[in-house]
Amino acid sequence: MATDYYAVLGVRRDAGQDEIKKAFRRLARELHPDVNPDPKTQERFKEINAAYEVLSDPQKRQVYDLGGDPLSPNGGAGAGFGAGAAGFGFSDIMDAFFGAASGQRGPRSRTRRGQDAMIRLEITLEEAAFGTTKELQVDTAVTCTTCSGEGAAPGTSAQTCDMCRGKGEVSQVTRSFLGQVMTSRPCPQCQGFGTVVPTPCPECAGDGRVRARRTLTVKIPAGVDNGTRIQLAGEGEVGPGGGPAGDLYVEIAETAHTVFQRRGDDLHCTVTIPMTAASLGTQVPLQTLDGVEEVDIRPGTQSGQSIPLHGRGITHLRGGGRGDLIVHVEVQTPTKLDAEQEELLRRLAVLRGEERPSGQFAPGQQGLFSRLKDAFNGR
């Protein structure tokens, strides 16, 4: 044999395909004309491509090991690169520089995973606090029952593409300064699947899935909040060709409550009481999430004070316990008094020495920006 292809690639005669491909990629990176334009290097580059073409093909390698040269016009020794051969695969050169992921070999599968789906679910504050179970009506893609996801009409099946003969790609040979270059592209007749469906299913038009409405039961855990997403694995859309279904995400939308405002796992509300009740003290009934409870207003309660009811808020989503219910007190000053009421208040002011109060003045409340500014200035 005129050329020792094993020596050209620097591999043993019993080297496996992975070792041969690795050696070819390493040499191709070093010797490619775009990297090293020296004429001697170009000749060397042709040699490694010829060696790889032979050693990467089991049939050509067998001919070579028996003493022949499959690149020679007569199958003998001494044939140069591209002499009477189909040429090296261009995708192998691409693999050498960009890795094997630069292109997919072989036919594509008609079966693919379906897309994920998302649906919004409105629940009340009470349902968010304690959890609930809901039934959802979901419109998604499901497997076609007529063809069982195959895409072919009943009694028929997919057939091997006669253009690519099931490979999913077709090759084209062109000449370049390197010799004959082989390029591959998806088969235009089967779109790369390797098979064609001559008689598509009339129900799904060959897609293997149809739209349908399903009823799902979803358990809402206690403590969910606005924007919380619950994942239902495998309840999304079925993939093309009857492929596995994606996931369904249920996004929680909590409706506003008439009394309570939620802040994390705590609830807040405001109770307005008259001036006399704030002065003398009283008890105010409040409808909480757990039932009616008496809110104790102590004598002398000021407007803006907060009364906590511990453990009456939202259940913690992770971990035990619940948040608190914070009652904010607002004292209402009367704006209209009749003569008797006005006289009573005047007598009370005299008794308390408050006929002409001097008042207590203090700096006004600062906003966040002003407080930060003062802190930086050392005030």
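Buried, in what follows, means under 20% relative accessible area. I start there because Glu127 falls under that cut-off, with a relative accessible area of 19%, and is therefore called buried. What you have in front of you is a predicted model.

Glu127 itself lies in helix H6, residues 125–130. If residues up to four places away in sequence are not counted, Glu127 touches Thr132 and Lys134.

Now the overall picture. The protein chain has nine helices and 16 strands. It runs to 379 residues, and 34% of them count as buried. Take the contacts between residues at least 6 apart in sequence: 64% of those join residues at least 24 apart.

On to the helices near the start of the numbering. Helix H2 covers residues 17–31 and helix H3 covers residues 39–55; their axes come within 10 Å and cross at roughly 165°. That angle makes H2 roughly antiparallel to H3. The crossing of H2 past H3 is left-handed. Which residues make the contact? From H2 they are Gln17, Ile20, Lys21, Phe24, Leu27, Ala28 and Leu31, and from H3 they are Thr41, Arg44, Phe45, Ile48, Asn49, Tyr52 and Leu55. Sorted by class, that is nine nonpolar, three polar and two charged residues in the contact of H2 with H3.

H3 also packs against helix H4, residues 58–65, at an angle of about 100° and with the axes 6 Å apart. H3 and H4 are therefore roughly perpendicular to each other. On the H3 side the contact involves Glu53, Val54 and Leu55, which meet Lys60, Arg61 and Tyr64 in H4. By class, this contact of H3 with H4 has three nonpolar, no polar and three charged residues. Leu55 is listed in the contact with H2, and Leu55 is listed again in the contact with H4.

Next, a sheet. Three strands form an open sheet in the order E2-E10-E9, and the pairing is mixed. Strand E2, 117–123, and E9 stand at the edges with a single partner strand each, so one side of each has no neighbour in the sheet. On average, neighbouring strands of this sheet are turned by 25° against each other, direction ignored.

As a reminder, strands of a sheet pair through backbone hydrogen bonds, either parallel or antiparallel. E2 and E10 pair in the parallel sense, over seven bridges. Within that pairing, Ile123 has Glu254 as its bridge partner in E10. On the other side, E9 and E10, residues 248–254, run antiparallel and are joined by four bridges.

Which side chains of strand E9 are buried, and which are not? E9 spans residues 229–232, and its side chains alternate. Ile230 and Leu232 point to one face and are buried, whereas Arg229 and Gln231 point to the other face and are not. Opposite Ile230, in E10, stands Val250.

A few single residues to finish, beginning with two that pair up distant parts of the sequence.

Thr217 is in strand E8, residues 209–220. Is Thr217 buried or exposed? Thr217 is exposed, at a relative accessible area of 56%. Its C-alpha atom is separated by 4.5 Å from that of Glu135, although the two residues are 82 apart along the chain. Setting aside neighbours within four places in sequence, Thr217 is in contact with Thr133, Lys134 and Glu135. Lys134 also appears among the residues that Glu127 touches.

Cys190 is in the loop between strand E6, 179–186, and strand E7, 195–196. With 1% relative accessibility, Cys190 counts as buried. Not counting residues up to four places away in sequence, Cys190 touches Cys161, Cys164, Gly168, Thr195 and Val196. Between the C-alpha atoms of Cys190 and Met163, which are 27 residues apart along the chain, the separation is 8.3 Å.

Last, backbone angles. Ser148 is not a glycine, yet has a positive phi of about 55°. Ser148 is placed in the loop between strand E3, 132–143, and strand E4, 159–160, and counts as exposed at 56% relative accessibility. Ala205, also not a glycine, has a positive phi of about 60°. Ala205 is found in the loop between E7 and E8, and at 64% relative accessibility Ala205 counts as exposed.

Note on methods:
Residues numbered from 1 in each chain as written. Predicted model: local features only at pLDDT ≥ 70, side-chain atom pairs only at ≥ 80, totals over all residues. Heavy atoms only, no water. Buried < 20%, exposed > 50% of the residue type's maximum accessible area, 1.4 Å probe, protein only. Helix = DSSP H or I, 4+ residues; strand = E, 2+ residues; numbered from the N terminus. Pairing = 2+ DSSP bridges. Axes fitted to C-alpha atoms, helices over the stretch in contact; angles between N-to-C directions. Parallel < 35°, antiparallel > 145°, perpendicular 65-115°, else oblique. Left-handed = near helix turned anticlockwise from the far one by under 90°. Contact = heavy atoms within 4.5 Å. Nonpolar A, V, L, I, M, F, W, Y, C, P; charged D, E, K, R; others polar.
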